[in-house]
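Q: Please examine the structure shown below. The questions that follow ask how its descriptions are justified.

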Amino acid sequence: MEPSKTVNVCFVCLGNICRSPLAQGLCARLVAEEGLAGRIHIESAGTGDWHVGKLPDSRMQATANKNGLRLTSRARQFRRDDFDRFDLVVAMDRANEAELSRMCAPETAREKLKLFRSFDPQCNGDPDVPDPYYGGNDGFDVVFQIVQRACPEILKHVKTRFLDPPA
Ligand code: 4NP
């Protein structure tokens, strides 16, 4: 891709009200802190449509708020043609990844689709960000810790792969 193009990244979970909005919020904050807001654009979406238009779950908002982050995204459903718009699509768990890979050609999945915890330096072999929706408040803290560990690695990957590609 040409060097001045904006890099578009989308985090995808099931409902787009818990995990992926947090990843969007934290990653966008890192991007802004590095002065890259004009170069890297971050969004999120869900594979399901139940919560379209809603703000993040109040429990996810509370966890984000106590860590100094406000989440303001509105849920939307990932569409097949989003694969044309995004350079990197990061699935929060294997079920999300499987759903997304059914929506695109195998070469598109190979090129653009990644699993979130593949960027988690402490994943300990666990490939999924656990879905906190039906659990207690602790689950939201676990999600926060995972997302906080992986987002800097994702940003490093985006910079290396898309902003300073090897000559
Ligand atoms: P998320 O969590 O995928 O992290 O946004 C969920 C939100 C809603 C539902 C499941 C998971 N739900 O079944 O409505």
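A: In this predicted model, an oxygen atom of the ligand lies 3.0 Å from a polar backbone atom of Ile17.

Q: What makes the approach of Ile17 to the ligand a polar contact?
A: A polar contact requires a pair of N or O atoms within 3.5 Å. The distance for Ile17 is 3.0 Å, so the pair meets the cut-off. A polar side-chain atom of Arg19 is 2.7 Å from a ligand oxygen, and an N or O atom in the side chain of Tyr134 is 3.2 Å from a ligand oxygen. The ligand has 360 Å² of accessible area on its own, and the protein covers 93% of that area.

Q: Which pocket does the ligand occupy?
A: The ligand takes up the space of the largest pocket. Residues around the ligand include Cys13, His51, Asp131 and Tyr133. By class, this shell has six nonpolar, three polar and two charged residues.

Q: How do you know that Cys27 does not form a disulfide with Cys151?
A: A disulfide needs two cysteine sulfur atoms within 2.5 Å. The closest cysteine sulfur to that of Cys27 is in Cys151, at 4.4 Å, and therefore too far for a bond. For Cys123, the closest cysteine sulfur is also in Cys151, at 15 Å, which is too far for a bond. A search of the whole structure finds zero disulfides.

Q: Why is Cys27 called buried, and why is Cys123 called partly exposed?
A: Buried means under 20% relative accessible area, and exposed means over 50%. Cys27 has 1% relative accessibility, so Cys27 counts as buried. Cys123 has 22%, and therefore counts as partly exposed.

Methods:
Residues numbered from 1 in each chain as written. Predicted model: local features only at pLDDT ≥ 70, side-chain atom pairs only at ≥ 80, totals over all residues. Heavy atoms only, no water. Buried < 20%, exposed > 50% of the residue type's maximum accessible area, 1.4 Å probe, protein only. Near = heavy atom within 4 Å. Polar contact = N/O pair within 3.5 Å; in protein donor to acceptor, adjacent residues only side chain to side chain. Areas by Shrake-Rupley, 256 points an atom, 1.4 Å probe, with all protein chains shown as cover. 1 Å grid on protein atoms, 1.4 Å probe; cavity = no way out; pocket = protein on both sides within 12 Å on 5 of 7 lines; lining within 4 Å. Sits in = over half its atoms within 2 Å of the grid points. Nonpolar A, V, L, I, M, F, W, Y, C, P; charged D, E, K, R; others polar.
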